[in-house]
Each structure stands twice: as structure tokens, then as C-alpha cells.
Amino acid sequence: MPIAGCGGSKPATEDKEKQHIMKVVELARDYEAANKKKPGSIKDVKDWAVREGKATDADFTSPRDQQTYGLVDGMTGLTVYEQSGKNGKCFLYSTGTVREVTPDEVSRMKGLATMRRGGPPGGMR
């Protein structure tokens with residue numbers, strides 16, 4: 001018999017919010033498969049998904065901060081993130097998982113995703 005208050009389960013709301021961002025991740029992968037190229041921006045994926053009837057504008061807006069998700073697809077793979085999140089934390093999808101991070105971590109991951117191979121950005125040595 002379960003005991004109330006025990007266990008480390010997450011609130012159902014958080015799971016729904018994670019599922020929401022995961023839908024964008026899946027749409028970005030569908031976009032890449034259909035177009036044989038990585039998405040250049042969230043707008044590319046959104047325009048394609050809405051045109052194809054796979055999504056609505058609302059699917060690309062975070063229910064937590066009411067802003068359009070961000071997307072970069074670069075050296076570290078696909079990264080999808082909330083712009084400002086909730087309570088000082090943003091959901092970030094990267095390397096196969098969704099986690100809650102600080103806005104500074106989102107900025108760091110965006111920087112890593114857009115970095116070019118072969119040295120630091122901006123030609124610094």
C-alpha cells in the first residue's frame with residue numbers, strides 16, 4: 001500500500017511541460033528527415049510543421065514563460081530551450097534529455113552548440 005508523501009515523483013505539471021518541449025524536439029527531427037538538412041532556426045521548424053499540419057503555433061510556445069522556444073543545431077547536436085523559463089530555471093533539451101537549468105547554463109549551451117571545430121570562436125588563438 002503506498003504511503004502518501006513518500007517517493008520522489010515529479011509533479012504531473014512538470015511532466016506535461018517536459019512533454020511539450022519534447023514535441024518541438026521531435027518536430028525538429030522530422031523537419032531534418034523531410035528536408036535533408038538541419039533546421040537553421042525554430043522559425044524554420046515552426047513554419048514547416050504548421051504548413052504540413054503537424055503542429056500549431058502554440059506547440060512552439062513554452063507554457064511556462066509564454067515565449068517561443070529557442071533552437072540551435074550545431075556541434076553539440078540539437079538544443080531546444082526556454083527563453084526565460086519559470087522561477088529562475090529554464091527547460092533545456094540537449095544530449096538526449098530535458099533538464100531544468102539556469103539561464104546562464106542555457107547561454108553556455110547555446111555557445112557550445114554554435115562553436116566551430118578547430119579552436120575558440122572568433123579566430124582567437
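The following exchange concerns the basis for several descriptions of a predicted model.

Modeller: Residues are numbered from 1 along each chain as its sequence is written. In this predicted model, local features need pLDDT of at least 70, side-chain atom pairs count only at pLDDT 80 or more, totals for chains, interfaces and linings use all residues, and side-chain values use heavy atoms, with hydrogens and water left out.

Biologist: What makes up the protein chain in terms of helices and strands?

Modeller: The protein chain has three helices and four strands, in the order α-α-β-β-β-β-α from the N terminus. Helices (H or I, at least four residues) and strands (E, at least two) are DSSP runs, numbered from the N terminus.

Biologist: Why is strand S3 called mostly covered?

Modeller: Buried means under 20% relative accessible area, exposed over 50%, and partly exposed in between (1.4 Å probe, protein chains only). In S3, residues 90-94, five of the five residues are buried. Cys 90, Leu 92 and Ser 94 lie on one side, Phe 91 and Tyr 93 on the other, and both faces are covered. For the protein chain, 34% of the 125 residues count as buried.

Biologist: How do you know that S3 pairs with S2 and with S4?

Modeller: Two strands pair if DSSP finds at least two bridges between them. Strand S2 (residues 77-81) is joined to S3 by two bridges, and S3 to strand S4 (residues 97-101) by five, so both cases satisfy the definition. S2 and S3 run antiparallel, as do S3 and S4. Tyr 81 stands opposite Leu 92 in S3, while Tyr 93 has Val 98 in S4 as its bridge partner.

Biologist: What joins S3 and S4?

Modeller: S3 and S4 form a hairpin with two residues between them, and Thr 95 in the turn has a positive phi of about 50°.

Biologist: How do you know that the span of helix H1 agrees with its number of residues?

Modeller: The expected span is 1.5 Å times one less than the number of residues. For the 24 residues of H1 (residues 12-35) this gives 34 Å, and the end C-alpha atoms are 35 Å apart, which agrees. Just after H1, Lys 36 takes a positive phi of about 55°.

Biologist: Which residues of H1 are buried, and what do they pack against?

Modeller: The buried residues include Glu 14, Ile 21, Val 25, Ala 28 and Tyr 31. An α-helix has 3.6 residues a turn, so residues three or four places apart point the same way. The buried residues of H1 pack against helix H2 (42-51), strand S1 (70-74), S2, S3 and S4, where contact means heavy atoms within 4.5 Å.
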